[in-house]
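I opened this model to look up its fold, its nonpolar core and the way its helices meet. My entries follow in the order in which I looked.

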Amino acid sequence: MRGMIGLAGAMLLALTSGAWAAEVTEKVEVKATPAAAWAAIGDFCGIKNWHPVIVGCEVKMDGADKVRTLTAKDGAKFVEKQIAWDNGGKSYTYAILTSPLPLTGYKSTLGVTGTGETATITWTGSFTPNAADNGVEKVVSGIYQAGLTGLKTKLETK
């Protein structure tokens with residue numbers, strides 16, 4: 001009973017402080033082979049070639065880690081560290097180190113599945129919004145949707 005009271009208190013504190021975990025997943029199906037889709041997204045700095053909001057990307061090595069700095073059209077900067085890369089599984093995972101978004105603990109995976117001439121690209125992220133109902137889930141969803149639409153256009157108009 002004592003453990004349940006502690007758990008309930010922790011949950012109440014998390015809800016009232018705005019500290020809850022959020023997850024956003026967006027997908028798009030493209031008329032391209034999974035290999036072609038992976039070739040488009042597999043380069044950690046290649047996002048500048050398909051995301052309509054990203055106008056620049058610089059990658060630097062921090063020891064064994066790749067760290068990219070993305071520049072958006074409005075000048076906003078996002079610094080992200082690649083934390084996993086799976087060429088065979090056609091996915092990579094990264095974490096945001098700094099950004100203008102009102103969130104913490106952001107971790108995201110971008111990956112490709114499929115067979116033949118059709119691929120599904122999935123972008124999933126988890127994070128903690130900085131405040132209750134701050135709208136950041138919609139913002140992240142919009143970022144993913146814009147990027148996936150850009151990928152679809154790039155892959156299907158070759």
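These notes go from the overall fold to the core and then to one helix pair.

Entry 1, the fold. I am working with a predicted model, and I began with its secondary structure, where I find three helices and seven strands in the protein chain, arranged along the sequence as α-β-α-β-β-β-β-β-β-α. Of the 158 residues, 38% count as buried. I also looked up how far apart in sequence the contacting residues lie: among contacts with a separation of 6 or more, 53% are between residues 24 or more positions apart.

Entry 2, the core. I then turned to the largest nonpolar core, which has 37 residues, and noted Ile41, Tyr106, Ile121, Trp123, Phe127 and Val140 as those with the most contacts inside it. At least two residues each come from several elements, including strand 1 (22-30), helix 2 (34-41), strand 7 (118-129) and helix 3 (136-156). Helix 3 gives the largest share, six residues. I followed Val140 further and, setting aside its neighbours within four places in sequence, found it in contact with Val24, Leu101, Leu103, Tyr106 and Phe127.

Entry 3, the helix pair. I next asked how helix 2 and helix 3 are set against each other, and their axes come within 11 Å and cross at roughly 125°, which makes helix 2 oblique to helix 3. I recorded the crossing as right-handed. On the helix 2 side I listed Ala36, Ala37, Ala40 and Ile41, which meet Leu151, Lys154 and Leu155 of helix 3. Sorted by class, this contact has six nonpolar residues, no polar residues and one charged residue.

How values were computed
Residues numbered from 1 in each chain as written. Predicted model: local features only at pLDDT ≥ 70, side-chain atom pairs only at ≥ 80, totals over all residues. Heavy atoms only, no water. Core = buried A, V, L, I, M, F, W, Y, C linked by side-chain atoms within 4.5 Å. Buried < 20%, exposed > 50% of the residue type's maximum accessible area, 1.4 Å probe, protein only. Helix = DSSP H or I, 4+ residues; strand = E, 2+ residues; numbered from the N terminus. Contact = heavy atoms within 4.5 Å. Axes fitted to C-alpha atoms, helices over the stretch in contact; angles between N-to-C directions. Parallel < 35°, antiparallel > 145°, perpendicular 65-115°, else oblique. Left-handed = near helix turned anticlockwise from the far one by under 90°. Nonpolar A, V, L, I, M, F, W, Y, C, P; charged D, E, K, R; others polar.
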